[in-house]
Amino acid sequence: MEFEDFAPKLSMLLYGVIGFVVVVGGLLLLLDVVPNYFARRREAALVAASLSTSDGPAPTLGRRVRKHREGLLGLAFLLPALLLLLIGLVIPAIRTILLSLRNGDSTAFVGLDNYLWIFRENDIVRVLLNTAGWVILVPLLATSVGLLYAVMVDRARFEAVAKSLIFLPMAISFVGAGIIWRFVYAYRGEGDQIGLLNWLWTLVGGEPRQWLNEGPLNTFLLIVVMVWIQAGFAMVILSAAIKAIPSDIVEAARLDGVTPWQMFWRVTLPSIRPALIVVIVTISIGTMKIFDIVRTMTNGNFDTNVVALEMYNQAFRYQQAGQGSALAVFLFILVIPIVIFQIRNLRRQREG
Amino acid sequence: MTTTTPVLAGEATAEPTPRTAAGRVRKRLNSRTATIVSIIIALIWTVPTFGLLLSSFRPEDDIKQTGWWTFFSNPQLTFQNYNDVLFGRSSSSGQLANYFVNSLVITIPSVLFPIAFAALAAYALSWINFRGRDWLYIAVFALQIVPLQMALVPLLSFFSRGVSLGGITLLPPWDLDNEGKFIQVWFAHTCFALPFAVFLLHNFISQLPGELMEAARVDGAGHSKIFRSVVLPLITPALASLAIFQFLWVWNDLLVALIFAGGGRETAPLTVRLAELAGTRGGEWQRLTAGAFVSIVIPLIVFLSLQRYFVRGLLTGSVKG
């Protein structure tokens with residue numbers, strides 16, 4: 001590994017940073033100079049107008065022009081973001097919808113064939129069922145663990161440290177987490193087991209197993225990895241919501257002599273309902289698009305495949321742009337009911 | 001994807017002691033089970049990572065033949081795995097130093113660009129009056145729900161073949177290869193980050209007091225001046241939390257990198273390389289453990305040192321959809 005290997009990369013980084021400074025700095029400068037120039041011209045025009053006629057429509061004209069300029073200026077502030085969103089997201093999304101109605105190399109129109117294919121092919125139905133399992137179990141388990149933990153360490157000693165421990169996996173990539181857990185599930189045919197799970201399993205008298213090869217258990221074991229990552233997110237949001245419960249409510253309930261159990265179900269849970277919904281919705285949407293964990297741990301083999309991985313395989317490994325696009329659109333359609341549910345909830349919350 | 005922005009109150013008020021004996025017993029019992037359950041959860045959440053970290057320092061034969069928990073009866077540590085996986089000459093050893101640099105080169109501009117563009121856009125959407133502003137904001141906000149899978153195929157074909165409509169070339173192909181592919185990755189990450197970034201910064205910027213803007217305007221400052229010298233200093237914490245989100249997202253991303261950076265040693269980041277090692281050399285635990293830790297260590301440092309901002313960002317914007 002010599003420096004020459006790094007030189008082209010580092011110069012790219014340098015170009016990138018210089019590009020950033022030039023683009024953003026230039027934009028700010030432009031936004032500074034251009035309105036100033038117009039302001040000066042407007043002033044000159046106003047002065048000229050007031051010299052020729054002391055009354056008249058000049059001020060109102062000025063205001064209308066100013067409003068117009070505000071619009072132009074707003075556009076200038078928005079331009080980079082809007083342009084990038086248009087080129088990088090909006091137009092491609094529309095093209096994906098169109099591609100999903102065409103065949104593998106996009107040469108012929110095939111109507112809804114690609115969508116029918118999703119439900120006809122047995123392998124793909126399996127993929128849909130697996131994804132459904134993920135979307136049901138991950139939010140449920142991650143939220144439960146996060147809530148349980150948030151309630152239990154609330155106001156305990158070492159609360160901050162205890163929370164950090166659960167929170168830490170959020171910083172780890174799905175690929176890294178996949179390797180960590182593959183090591184936990186590792187299997188050896190003979191000799192000592194090196195995987196934690198097989199070691200514990202043999203301790204209680206079981207035969208070592210190839211955990212990731214046995215469906216449907218393997219899908220569940222992959223789900224565990226996602227729960228492991230997401231529980232910290234649930235815990236942080238819910239813990240903040242718990243702390244925001246007005247203390248007079250808690251005090252009143254305590255004076256009424258409720259048990260901790262009743263306190264949890266009757267006071268805590270209803271008070272944190274909005275936060276709970278946000279957590280479940282966010283984790284569901286994230287889980288729907290799960291890709292990296294499955295790809296790293298089983299690569300979709302042994303009946304563990306999910307929609308996002310199959311989309312990647314169809315579009316980029318098998319070069320089936322039509323079927324890949326149909327799966328992408330399908331993912332998008334799956335997200336919509338969740339978002340509608342979320343918007344309804346927000347609206348109801350705002351109304352009362 | 002909005003939360004109700006609850007305040008993170010850290011103060012621990014002393015719990016009143018229960019007045020009855022039964023209450024006291026119940027409370028003790030309760031807090032004991034609570035302690036045990038929370039310790040079990042904390043163990044499940046930390047032991048796998050600890051096992052990986054410990055294993056990465058064990059000699060190859062030890063890792064492959066004995067569990068990492070036997071380390072405590074046979075303590076032997078080595079840096080050999082890290083040396084091999086980072087600087088080893090053979091292509092099978094990982095050569096992660098190279099991919100580590102790639103990850104850095106991908107991440108830094110991919111964090112800078114979206115934050116700057118999103119801050120400008122969020123300011124315009126909050127404080128510049130023009131027609132259709134609210135609709136524009138709603139449109140950008142709604143783009144958050146579009147899965148990035150929806151954009152991958154056409155965006156890649158745009159980079160490699162350009163955009164043409166009815167035989168007329170609207171945008172030429174970029175024709176990037178080798179290190180040039182970094183530009184594609186930056187571009188893709190910037191586009192995909194914008195909806196959430198605009199949303200998060202809009203939350204902060206639109207909350208700034210209007211009198212402040214009015215005062216600056218009376219003093220003769222234009223929008224550009226207000227943006228630079230009033231808004232930017234006030235939203236530094238928001239910029240920090242957005243930067244952490246985006247950093248973690250880009251550094252840990254696999255999908256975008258696979259498609260736009262490819263698997264070559266010129267541009268592929270750590271995640272792509274690790275996934276490849278896990279696929280082709282799944283049994284080489286001395287490399288996988290050390291390699292995984294190499295990829296984890298930077299985000300962990302960032303995360304631990306800036307956790308405060310990260311949590312604040314989470315509570316204001318929830319996470320990326």
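**Exercise 1. A residue inside chain A**

Which residues does Leu238(A) touch, not counting residues up to four places away in sequence?

*Solution.* The structure is a predicted model, and the steps below describe that model. Begin by placing the residue: Leu238(A) is found in helix H8, which covers residues 217-243 of chain A. Next, list its partners beyond four places in sequence, which are Gly146(A), Leu147(A), Ala150(A), Ile272(A), Ala275(A), Leu276(A) and Val279(A). Then ask how crowded its surroundings are: Leu238(A) has 25 C-beta neighbours inside 10 Å, and because 20 or more such neighbours make a residue buried, Leu238(A) counts as buried. Finally, take one distance as a reference, that between Leu238(A) and Ile277(A), which stand 39 residues apart in sequence and 10 Å apart in space from C-alpha to C-alpha.

**Exercise 2. The nonpolar core**

Determine which residues of the largest nonpolar core touch the most other members, and which helix gives the most to this core.

*Solution.* The largest nonpolar core has 184 residues, and those that touch the most other members are Ala81(A), Ile237(A), Leu238(A), Ala118(B), Ala121(B) and Leu201(B). The helix that gives the most to this core is H4 of chain B, residues 96-127, with 19 residues. To see one of these members at work across the chains, follow Ala81(A): leaving aside neighbours within four places in sequence, Ala81(A) is in contact with Phe117(B), Ala118(B), Leu120(B), Ala121(B), Leu194(B) and Val198(B).

**Exercise 3. The contact between the chains**

Describe the contact between chain A and chain B by the number of residues on each side, and the chain A side by its leading element and its residue classes.

*Solution.* Count the two sides separately: chain A brings 95 residues to the contact, and chain B brings 100 residues. On the side of chain A that touches chain B, the element giving the most is helix H2 (residues 58-99), with 17 residues. Sorted by class, that side of chain A consists of 67 nonpolar, 16 polar and 12 charged residues.

**Exercise 4. The overall form of chain A**

Why is chain A described as more spread out than a compact globule?

*Solution.* First take the secondary structure, in which chain A has 14 helices and 0 strands. Then compare the radius of gyration with the globule rule: the value for chain A is 29 Å, well over the 20 Å that the rule gives for 352 residues, so chain A is more spread out than a compact globule. The box filled by its C-alpha atoms, taken along the principal axes, is roughly 100 × 70 × 55 Å. Buried residues make up 39% of the 352 residues in chain A, and among its contacts with a separation of 6 or more, 68% come from residues 24 or more positions apart. The record can be set beside this picture: an unreviewed UniProt entry carries the annotation "domain: ABC transmembrane type-1" for residues 128-344 of chain A. That span is 73% helix and 0% strand, and its end C-alpha atoms lie 27 Å apart.

**Exercise 5. Two loop residues with positive phi**

Decide whether Ser106(A) and Gln319(A) are buried, partly exposed or exposed.

*Solution.* Ser106(A) lies in the loop between H2 and helix H3 (113-120) of chain A, and its phi is near 60 degrees, a positive value in a residue other than glycine. With 16 C-beta neighbours inside 10 Å, Ser106(A) counts as partly exposed. Gln319(A), which is not a glycine either, has a positive phi of about 55 degrees, and its place is in the loop between helix H13 (307-317) and helix H14 (321-351) of chain A. Gln319(A) has 10 C-beta neighbours inside 10 Å and therefore counts as exposed.

**Exercise 6. The two domains of chain B**

Work out how domain 1 and domain 2 of chain B meet, and which helix gives the largest share on the side of domain 1.

*Solution.* Chain B has 14 helices and 2 strands, and the domain assignment gives domain 1 (21-87) and domain 2 (91-317). The C-alpha centres of these two domains lie 34 Å apart, and 13 residues of domain 1 are in contact with 13 residues of domain 2. On the domain 1 side, the elements that give two or more residues are helix H1 (21-56), helix H2 (60-65) and helix H3 (80-87) of chain B. The largest share, 6 residues, comes from H3(B). By class, this side of domain 1 has 7 nonpolar, 3 polar and 3 charged residues.

Key:
Residues numbered from 1 in each chain as written. Chains lettered and ligands numbered in written order. Predicted model: local features only at pLDDT ≥ 70, side-chain atom pairs only at ≥ 80, totals over all residues. Contact = placed C-beta atoms within 7 Å. Helix = DSSP H or I, 4+ residues; strand = E, 2+ residues; numbered from the N terminus. Nonpolar A, V, L, I, M, F, W, Y, C, P; charged D, E, K, R; others polar. UniProt positions renumbered as here; feature names shortened; annotations may be inferred. Domains from an automatic or database assignment. Rg over C-alpha atoms; globule rule 2.2 N^0.38 Å. Buried ≥ 20, exposed ≤ 12 C-beta atoms within 10 Å, placed from the backbone. Core = buried A, V, L, I, M, F, W, Y, C linked by C-beta atoms within 7 Å.
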